[in-house]
Amino acid sequence: MAVEAAKAFQALMESRDFNLQFLDEDESVIRLGFNLDNTRTDVFVFFDEDNKSVHFEGRDFVKIPADKTDLIYKLCNDCNNTFRWIKFTWDEEDGYVAAKADAVIDLESCAEECYEIVVRMCGIIDEAYPMFMKALWA
């Protein structure tokens, strides 16, 4: 069964010429790819079946080499203290940093709300990326 909030978000994004892909049969997980000024990222949007909440993850914008992992916790913490709306986490197993957000949504306005969060997430990722590069290559 398709999640109504996901369908509303899909319609808005397609009306604005964004390409997206559903990643599951229930059509509740959407992937969008973005080329930003400093990096590129994939944003995954996970809609809950109740159409009342949604989870966002920006991934693949920075990979942390094994010899630099000692820096990552402090760097994620610094980013979490610098930026509102998004939290940064490190996936130790796969070695990537993710930007995450959660939101409570209303079905009538969820498409615009989700669009706003995706735009904010991409802006924050793009702004934080040089911080990661500076720490990794300093």
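Biologist: What makes strand 1 and strand 5 the edges of the open sheet?

Modeller: In this predicted model, the open sheet has 6 strands in the order 1-2-3-4-6-5, with antiparallel pairing. Strand 1 (20–22) and strand 5 each have a single partner strand, so one side of each lacks a neighbour in the sheet. The twist averages 25° from one strand to the next.

Biologist: How do you know that strand 1 and strand 2 pair?

Modeller: Pairing needs at least two bridges. Strand 1 and strand 2 (residues 29–35) share 3 bridges, in the antiparallel sense. So they pass the cut-off of at least two. In strand 2, Ile30 is the bridge partner of Phe22.

Biologist: And what joins strand 5 to strand 6?

Modeller: There are 5 bridges between strand 5 and strand 6 (residues 96–104), and the two run antiparallel. Thr89 has Ala98 as its bridge partner in strand 6. The hairpin of these strands has 4 residues between them, and Gly95 there takes a positive phi near 75°.

Biologist: Which residues of strand 5 are on its covered face, and which on its uncovered one?

Modeller: Phe88 and Trp90 form the covered face of strand 5 (residues 87–91). Lys87, Thr89 and Asp91 form the uncovered one.

Biologist: Why is Gln10 called buried?

Modeller: Buried means under 20% relative accessible area. Gln10 has 15%, so it is buried. Gln10 is found in helix 1 (residues 4–15). Leaving aside neighbours within four places in sequence, its contacts are Leu20 and Phe22.

Biologist: Is Asn51 buried or exposed?

Modeller: Buried: Asn51 has a relative accessible area of 12%, and the cut-off is under 20%. Asn51 is found in the loop between strand 3 (40–47) and strand 4 (53–59). Its phi is positive, about 60°, although Asn51 is not a glycine.

Biologist: Why does Trp85 count as exposed?

Modeller: Exposed means over 50%. Trp85 has 54% relative accessibility, so it counts as exposed. Trp85 lies in the loop between helix 2 (69–82) and strand 5. Its phi is near 80°, a positive value in a residue other than glycine.

Biologist: How do you know that the span of helix 3 agrees with its 28 residues?

Modeller: At 1.5 Å a residue, helix 3 (residues 110–137) should span 40 Å. Its end C-alpha atoms are 40 Å apart, so the two agree.

Biologist: Where in helix 3 does the kink lie?

Modeller: At Ala128, shortly before the proline Pro130. The kink is about 30°.

How values were computed
Residues numbered from 1 in each chain as written. Predicted model: local features only at pLDDT ≥ 70, side-chain atom pairs only at ≥ 80, totals over all residues. Heavy atoms only, no water. Buried < 20%, exposed > 50% of the residue type's maximum accessible area, 1.4 Å probe, protein only. Contact = heavy atoms within 4.5 Å. Expected span 1.5 Å × (residues − 1). Bend = angle between axes of the 7 residues up to and from the residue. Axes fitted to C-alpha atoms, helices over the stretch in contact; angles between N-to-C directions.
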